[in-house]
Amino acid sequence: MITIDLVQKVLQPSLAWVYLFFLVSVTKYFCDLGFPALLAGLHCNTYSSTWFSLPSSIAIFLGRWNISIQQKAATMAEAAISQAEASATAATDSAAVAAVDDDAKFTFYIAICSTLAATGGLLFGYDIGISGGVTAMDGFLEKFFHRVHRRQQAVKEDQEDNYCRYDDQELQLFTSSLYLACLVGSIVGSRTCSKYGRKLAIQLASIFYLVGAATNASAYDLSMLILGRILVGMGDGFVLQAVPLFLSELAPAKIRGSLNILFQLNVTVGILIAKTVNYFAAQIYPWGWRLSLGLAEALAIVLFLGSLVITETPTSLVERGHHQRGLAVLEKIRGTSNVRCEYKQIILAGEASRQVKDPYRSLLSRSCRPPLAVAVAVQIFTQFTGINVIMFYAPLLFETIGFKTSASLLSTVIVGGINAIATVVSIALVDRAGRRVLLMEASVQMFVTQAAIGGILAAKLTASSSLETGTAVAVVVLICLYVMSFAWSWGAFCCLIPSEIFPLESRTAGISCSMGINMICTFIIAQAFLSMLCRMRAGTFFFFAGWTVVMGLFVLFLLPETNGVPIDDMSERVWKQHWFWKSFMDDDQDPEAGNHEK
Ligand code: BGC
C-alpha cells in the first residue's frame with residue numbers, strides 16, 4: 001500500500017522534476033561564481049550541485065504527500081503531547097485529573113517498555129558515531145576508496161596536501177546518504193505510526209537496522225555499502241518518528257519533559273559506544289570495519305526482540321478505534337484501574353485535534369510564524385555549530401593534524417564521553433538555568449574554541465606538516481570544550497524547543513518540519529565538510545565560529561525564554577510579550593485564522 005501511495009503521490013507531480021533541474025542549475029551557477037562559505041568547499045560540477053539540490057527537492061517531492069500523512073499523524077500525536085489542552089477541555093474534571101496523577105505509578109512495565117524502545121536512540125547515535133572511525137581505517141579505505149587511500153599514503157611521503165587527503169565526494173556520501181534516507185524514513189515512519197501504531201513502526205525500524213547492518217558488514221562493493229547505509233538510515237527515520245512519541249505517550253505526565261532530553265542522552269551514549277567499538281575494531285586489520293558496522297546488529301536484535309514485547313500506546317489504540325484495548329493498556333501501564341480521567345483526556349484530546357483540518361495550513365498562518373521561524377532557525381543553527389564535523393569526521397580531523405589512527409580514535413572516544421556527560425549536565429540545569437542562558441553561554445564558548453582551533457591550524461598546520469604533540473593535544477582539549485558546550489545547549493534543546501513552542505493545532509506539523517530541516521542540514525554538513533577542509537583549510541573553523549556569533553545574537557534578540565511556561569500558554573505568555581514576535585500575534589489580522597472544522 002505504502003509503495004502504491006508513493007508511486008501515485010510522489011512520482012506524479014512531475015513539476016518536482018522541473019524544480020530539481022532548476023535547483024541544480026541555480027546551485028551550479030552560485031558555485032561557479034565562487035559563492036563563499038559552504039559552496040566554496042565543493043567541486044563546481046553538476047554532480048556536487050545535484051547533491052546539494054537533492055535534499056530540498058526531495059523535501060518538495062515528499063512534502064505534498066507528507067501533508068496528508070501528517071494530518072493523520074497530527075491527530076494522534078497531538079492527543080499524546082497535549083495533555084494540558086485535554087485537561088483544559090475537561091476543566092470540569094480538574095479535581096479528578098489530579099487524582100489520576102496521584103494514583104498513576106511509574107510501573108516496572110513502563111520501565112521495561114521504555115528501555116527497550118529507547119534502544120532506538122542508541123542505534124541512531126551508533127549510526128552517527130560509527131562512520132568517522134570506519135573511514136579512518138586502512139582496510140576500509142583500501143577496499144572501497146583506493147583514491148583516498150593512495151592520497152593518504154602520499155601524505156605520509158610528503159607528496160600530497162595534508163588538508164585534502166580525505167576530500168572525496170563518495171567518501172562523504174558514505175556518511176551523508178544515511179541522512180537523506182532518514183528524511184524519507186521519518187516521513188514513511190510517520191504514516192506507519194499513525195495508521196498502524198508506534199509498535200509496528202518500531203518493529204519495522206528494527207528490521208531495517210537488521211538488514212542494513214548485515215548489508216554493511218558483508219559489503220563487497222561501494223554500492224552495497226551505500227545500500228546498507230540507506231537501509232540503516234530508513235531505520236533511523238522510523239525511530240525518530242516513533243520512539244520519542246512512544247516514550248512521551250507512555251510516561252506519566254510528571255516526567256514527560258525530562259524524557260525528551262533522555263532520548264538525546266541515549267543518542268549520545270550510542271555515539272560513545274560506536275566510538276569505543278571503532279577504537280578496538282581498528283586494531284583488527286583488514287576487516288575491523290566489518291565488525292564496527294556489523295555490531296549495530298546486536299543493538300538491532302535487542303530492538304527487534306524488544307519491539308515484540310512492548311505494548312502499543314493507549315493513545316494510538318484509542319485513535320485507531322480500539323477503545324477497550326486502549327483502556328486496558330492504560331490501566332496496566334499506570335498500575336491502577338483508576339485511570340478514568342486520563343482515559344477521558346486521551347479521548348478529548350483526540351477529538352480536539354480532529355477539529356484541526358490541516359495542521360500544515362495552520363503552520364503557515366501569521367500567528368504561527370514566530371514559532372515556525374524559531375524552530376527552523378534552531379535546527380539550522382544546531383547543525384551549523386559544526387557539531388557533526390566532529391561527530392562524523394573527528395578521527396579524520398585528528399589524523400590530519402598528525403595523530404596515528406589509534407590515537408585519533410582514542411581521542412574521539414574521549415570526545416564522545418564528554419558529549420554524553422555534558423548532556424547529563426543539561427538535564428540537571430535546563431529547568432533551573434533556562435534555555436537562553438545555556439544557549440548564550442554556549443555560543444561564547446563555541447566561538448572562542450572554534451576560533452582558537454582555526455588560529456592554531458592557520459599558524460601551525462601547513463600542507464605538508466603535522467602539529468607538534470603538545471599543540472595537537474591542545475586542539476583535542478579545545479574540541480572537548482567545544483563539544484561540551486554544544487551538548488548542554490543546542491544538542492539538548494534542538495528537540496526540546498520545537499516540542500514546546502507550537503500551539504496545539506500545528507504542533508506535530510511544526511515538529512516534523514523542523515526535524516526535516518535538521519536532516520537536510522545534517523546531510524549538507526556531512527557531504528561538504530571534507531571538501532571544505534581541503535578548500536578553506538583553517539578557515540573552515542572560522543566559518544563555523546562566524547555562525548556561533550550569528551546564533552548568539554539570535555538567542556539574545558529573538559529567542560524567548562520558555563522555561564517554566566505551560567506548553568499551551570506560550571502564545572499569551574511568550575509570543576505576545578516578545579518585543580519583535582508580538583507584531584505577528586494579532587489574531588484579528590490573521591487571514592489563516594479559523595482553520596478549524598465548524
Ligand atoms: C544533533 C545531531 C548530533 C548530536 C550529537 C543532536 O542534537 O541533532 O545531529 O549528531 O546532537 O550529540
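A polar contact is taken here as a pair of N or O atoms within 3.5 Å. By this criterion, the side chain of asparagine 419 makes a polar contact with the ligand in the predicted model, an N or O atom of that side chain lying 3.1 Å from a ligand oxygen atom. Two further side chains approach oxygen atoms of the ligand through polar atoms. For asparagine 388, the separation between a side-chain N or O atom and a ligand oxygen is 2.6 Å. For glutamine 383, a polar side-chain atom is placed 3.0 Å from an oxygen atom of the ligand. Taken alone, the ligand has 310 Å² of accessible area, and the protein covers 94% of this area.

The residues surrounding the ligand are Ile128, Gln264, Thr268, Ile271, Gln383, Asn388, Met391, Asn419, Phe486, Gly491, Cys494 and Asn518. In terms of side-chain character, this shell consists of seven polar and five nonpolar residues, with no charged residue. Three helices each supply two or more residues to the shell, namely α12 (256-281), α20 (387-400) and α24 (490-501). Of the contributing elements, α12 gives the most, with three residues. Both domain 1 (104-310) and domain 2 (359-580) take part in the shell, each providing at least three residues.

The fold surrounding this site is helical in its regular secondary structure, with 27 helices and zero strands in the chain. The chain contains 598 residues, of which 60% are buried. Among contacts in the chain with a separation of 6 or more, 82% are between residues 24 or more positions apart. The accessible surface of the chain amounts to about 22600 Å², and carbon and sulfur atoms account for 66% of that surface.

Individual positions illustrate the packing of helices. Serine 485 is located in helix α23, which spans residues 469-487. This residue counts as buried because its relative accessibility is 0%, the cut-off for burial being under 20%. Apart from neighbours within four places in sequence, serine 485 contacts Glu441, Ala442, Gln445 and Met446. Isoleucine 456 belongs to helix α22, formed by residues 435-460. When residues up to four places away in sequence are not counted, isoleucine 456 touches Leu461, Leu467, Thr471, Val475 and Leu478. The C-alpha atom of isoleucine 456 is also separated by 8.3 Å from that of alanine 538, although these positions lie 82 residues apart in terms of chain offset.

Two features of the backbone were examined separately. Most peptide bonds are trans, and most residues other than glycine have a negative phi. The peptide bond from tyrosine 285 to proline 286 is cis, with an omega value near 5°. Proline 286 is situated in the loop that connects α12 with α13 (288-294). Arginine 537, which is not a glycine, adopts a positive phi of about 50°. The position of arginine 537 is in the loop between α25 (507-536) and α26 (539-558). With a relative accessibility of 26%, arginine 537 is therefore classed as partly exposed, since this class covers values between the 20% limit for buried residues and the 50% limit for exposed residues.

How values were computed: Residues are numbered from 1 along each chain as its sequence is written. This is a predicted model: local features need pLDDT of at least 70, side-chain atom pairs count only at pLDDT 80 or more; totals for chains, interfaces and linings use all residues. Side-chain values use heavy atoms; hydrogens and water are left out. A residue is near a molecule or strand if one of its heavy atoms lies within 4 Å of it. A polar contact is a pair of N or O atoms within 3.5 Å; within protein, one must be able to donate a hydrogen and the other to accept it, and residues adjacent in sequence count only if both atoms are side-chain atoms. Accessible areas come from the Shrake-Rupley method with a 1.4 Å probe; for residues, only the protein chains shown count as cover. Helices (H or I, at least four residues) and strands (E, at least two) are DSSP runs, numbered from the N terminus. Ala, Val, Leu, Ile, Met, Phe, Trp, Tyr, Cys and Pro count as nonpolar, Asp, Glu, Lys and Arg as charged, and the others, Gly among them, as polar. Domain bounds come from an automatic or database domain assignment. Buried means under 20% relative accessible area, exposed over 50%, partly exposed in between (1.4 Å probe, protein chains only). Contact means heavy atoms within 4.5 Å.
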